[in-house]
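Please read these notes with the structure open beside you. They deal with charged side chains and with one pair of helices.

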Amino acid sequence: MWPSDRGPIGYVLKRYPRLSETFVVSEILAHEEAGETVEIFALRAPNETLVQDEVAQVRAPVHYLAIPDAGLSDALFDATLAGAAPELPGLAAALGDPGPTRRELWQAVRLALLVRARGVRHLHAHFATTAATVARVAAKLASLEYSFTAHAKDIYHRDVDPAEFRRKLRSARAVVTVSEFNRAWLRRRYGPAAERVRRIYNGLDLRRFSFTRPAGRERLVLFAGRLVAKKGVADLLAALAHLAQWGSDCRCEIIGSGPLREALERQARALGLAGRVRFRGALRRSEVAATMRRAAVLAAPGVVSEDGDRDGLPTVLLEAMALGTPCVATAVTGVPELI
């Protein structure tokens with residue numbers, strides 16, 4: 001992208017803001033610092049009470065395209081499409097598009113109307129799932145180009161629809177992914193449709209992360225991330241139990257929330273780690289960074305989960321290395337490219 005007076009870039013996101021998607025906020029802030037105007041279009045309202053501090057620095061307005069609490073009734077769906085038809089000449093053809101669900105089509109129509117009204121010149125979606133589907137259809141309806149960034153779950157999860165993914169690859173003006181591993185995998189799976197995929201690593205504003213040498217730090221192992229299967233925290237706890245058996249007095253702090261928290265806390269107690277492992281819940285980025293500065297090592301024990309999901313390029317590794325915190329990680333997807 002480049003500074004222009006031809007209208008803003010529209011970012012299409014499933015939810016905004018999200019605590020775990022610091023890379024999205026960093027990217028939008030970088031665009032704004034470079035002179036771009038950005039507008040954010042979120043398909044759903046946020047479902048977290050904790051918000052990253054950097055969100056307050058984003059100047060872009062946020063437009064929510066959420067389905068009403070009462071649901072998407074036939075009457076509302078039909079009325080929305082009927083009202084949009086004079087503004088969107090391609091709407092009739094879009095009704096035959098096999099990709100979007102009924103919900104996604106309704107949101108794409110609303111998005112197309114909004115971007116035309118606000119003079120948006122380009123749409124960019126993060127994650128190749130519902131946000132990219134809505135962006136693809138809306139861009140077609142509004143006669144715009146669009147692009148998207150593919151990360152991890154949106155590439156590898158068993159529920160990914162290959163036909164819809166291929167439609168996105170072929171119709172997008174540009175496709176970005178966050179590692180060479182991802183790019184090679186997409187080319188193997190989708191062939192010529194993925195030839196234009198570009199690798200752009202997630203960036204980090206080093207003004208916010210100052211390097212210090214790790215000598216003299218606490219004997220602390222840190223994990224920071226969502227408590228889901230692909231993060232491999234169960235393996236980390238097992239490793240800590242071995243360290244305890246071998247006489248190590250190291251401790252561990254686990255930062256993050258997620259559906260596996262209670263199970264992991266039970267595992268820690270069963271392994272005799274109750275006094276060594278502290279579950280701190282979700283924290284802001286600044287609080288995570290403060291803990292990283294104390295830690296002897298950051299652990300990123302990611303795995304490939306049963307549903308195919310895996311990490312793409314954990315931003316927490318970038319942050320830890322920028323702060324001078326040594327990292328140990330498993331060789332999943334793009335992680336070896338960082339380490």
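The points below go through salt bridges and then a helix contact.

1. The model is predicted, and the values below are computed from it. It holds 27 salt bridges in total. As background, side chains of opposite charge can pair when their charged atoms come close. Three of the bridges are taken up below, together with one network.

2. Begin with D311 and K231, whose side chains form a salt bridge with an N to O distance of 2.9 Å. D311 sits in the loop between β11 (297-300) and α12 (315-322), while K231 sits in the loop between β8 (220-224) and α9 (233-245), so the bridge ties together parts that are 80 residues apart in sequence. Are the two partners buried or exposed? D311 has 12% relative accessibility and counts as buried, because the cut-off for buried is under 20%. K231 is buried too, at 14%.

3. The bridge between R261 and E265 is a local one within a helix: both residues belong to α10 (residues 261-270), and being four residues apart, they are separated by about one helical turn. Their side chains meet at 3.0 Å, N to O. R261 is partly exposed, with 28% relative accessibility. E265 is also partly exposed, at 22%.

4. R251 and E253 form another salt bridge, and here the closest N and O atoms are 3.9 Å apart. This distance still counts, because the cut-off is within 4 Å. R251 is partly exposed, with a relative accessible area of 32%, whereas E253 is buried, at 4%.

5. Which residues are linked with R251 and E253 in a network of salt bridges? The other members are E218, R278, R280 and R294. When looking at the R251 and E253 pair, view it as part of this network.

6. The last point is about helix packing. The axes of α2 (residues 74-84) and α4 (residues 102-118) come within 10 Å and cross at roughly 35°. The crossing of α2 with α4 is left-handed.

7. Which residues make the contact between α2 and α4? From α2 come D74, L76, F77, T80, L81 and A84. From α4 come R102, L105, W106, V109, R110 and L113. Sorted by class, the contact has eight nonpolar residues, one polar residue and three charged residues. Among the nonpolar ones are F77 in α2 and W106 in α4, and D74 is one of the charged ones.

Terms used. Residues are numbered from 1 along each chain as its sequence is written. This is a predicted model: local features need pLDDT of at least 70, side-chain atom pairs count only at pLDDT 80 or more; totals for chains, interfaces and linings use all residues. Side-chain values use heavy atoms; hydrogens and water are left out. Helices (H or I, at least four residues) and strands (E, at least two) are DSSP runs, numbered from the N terminus. Buried means under 20% relative accessible area, exposed over 50%, partly exposed in between (1.4 Å probe, protein chains only). Axes are lines fitted to C-alpha atoms, for helices over the stretch in contact, and angles run from 0 to 180 degrees between N-to-C directions. A crossing is left-handed if the near helix is turned anticlockwise from the far one by less than a right angle, and right-handed if clockwise. Contact means heavy atoms within 4.5 Å.
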